[in-house]
Amino acid sequence: MISKATLFSFLFLIASNVIEAQIHCGLVEITPNTSVNALMTFDNFTSYNGGMIINSVAKIRIKVEDQAIPDPLCSWSLIMTIDNNPGGGTPANEWEELNQYGSGLGTNPPIDVLEIKVRNSCTTSPIDGVFQTFNNHGDIIDIIAPMLPITPAGSCGLNVNGPGSFLSNYDEFNFDIDIRVKPNFSYNPGIYQLNIRFHLEENP
């Protein structure tokens, strides 16, 4: 048995960014299903060796309205970023330490032990279904890239970035978020936290 439990606390801050666009997009927003605080506890060999997965830890629901009907010129992009509170003294590549058990002679877990997967039924994201990792505070991963030409809703194609809504085009405008953590025995036992932020905006 492992004598001291290592707890990993995940706080997902799902950004509800609303942008009142002046030209093309009437409304661009994220509608999260819930604010998520997911806790994983590693206290046995099985969890350390196999890691842990939480499927559908969050759902991101997108709604983008276009003012320029019938000429859909509104284009949007969606990213996720990592925050480990470097202002509080956390090194750029480590989890934020909330509490540590024991002498702390080892190292704190690096950010890249967390893996994140984004998926939906239309596989609209270029990273759909593949676990991604961050390395440092402020790293950015594109879910929907800021690309032209616009891929319209209803096509169920790659990188759909035109006007639409999870209410009318659910398979394209809804994203499930899965997380996986696989640490090892060399890290200091304790409670650690990372913040994942999702940001959607109109492309210029």
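These legends accompany close-up views of a predicted model.

**View 1. Confidence along the protein chain varies from element to element.**
Let us start with how far the predictor trusts its own work. The mean pLDDT of the protein chain is 81, and 81% of the residues reach at least 70. Strand 8 (residues 132–133) has the highest mean among the elements, at 96. At the other end of the range is strand 1 (residues 6–13), whose mean of 44 is the lowest. Residues 1–22 stay under 50 throughout, yet the model gives this stretch 98 contacts beyond four places in sequence.

**View 2. The largest nonpolar core holds 40 residues.**
Look here for I62, L78, M80 and L114, the residues with the most contacts inside the core. Many strands contribute: strands 2 (25–32), 3 (36–42), 4, 5, 7 (114–119), 9 (140–144), 11 (174–181) and 12 (190–202) each provide at least two of its residues. As general background, nonpolar side chains in soluble globular proteins tend to be buried together.

**View 3. M80 touches residues from well beyond its sequence neighbours.**
With neighbours within four places in sequence set aside, the contacts of M80 include I116, V118, I127 and F134. Also in contact with M80 are D139, I140, I141 and I143, together with I196, R197 and F198.

**View 4. Strand 7 pairs with both strand 11 and strand 8.**
The pairing of strand 7 with strand 11 is antiparallel and runs over six bridges. Within it, V118 finds its bridge partner in I177 of strand 11. Strand 7 also pairs with strand 8 in the antiparallel sense, this time over two bridges. There, I116 is matched with Q132 of strand 8.

**View 5. One disulfide joins C122 and C156.**
The two sulfur atoms sit 1.8 Å apart, and the link is left-handed, with -100 degrees about the S-S bond. C122 belongs to the loop between strand 7 and strand 8, and C156 to the loop between strand 9 and strand 10 (164–165), so the bond ties together parts that are 34 residues apart in sequence. C122 is buried, at 5% relative accessible area, whereas C156 is partly exposed, at 39%.

**View 6. S75 is a buried loop residue.**
S75 is found in the loop between strand 4 (52–66) and strand 5 (76–83). Why does S75 count as buried? Its relative accessibility is 4%, and the cut-off for buried is under 20%. Leaving out neighbours within four places in sequence, S75 contacts C25, M147, L148, I150 and N161, as well as E201, E202 and N203.

Conventions:
Residues numbered from 1 in each chain as written. Predicted model: local features only at pLDDT ≥ 70, side-chain atom pairs only at ≥ 80, totals over all residues. Heavy atoms only, no water. Helix = DSSP H or I, 4+ residues; strand = E, 2+ residues; numbered from the N terminus. Buried < 20%, exposed > 50% of the residue type's maximum accessible area, 1.4 Å probe, protein only. Contact = heavy atoms within 4.5 Å. pLDDT = per-residue confidence, 0-100. Core = buried A, V, L, I, M, F, W, Y, C linked by side-chain atoms within 4.5 Å. Pairing = 2+ DSSP bridges. Disulfide = S-S within 2.5 Å.
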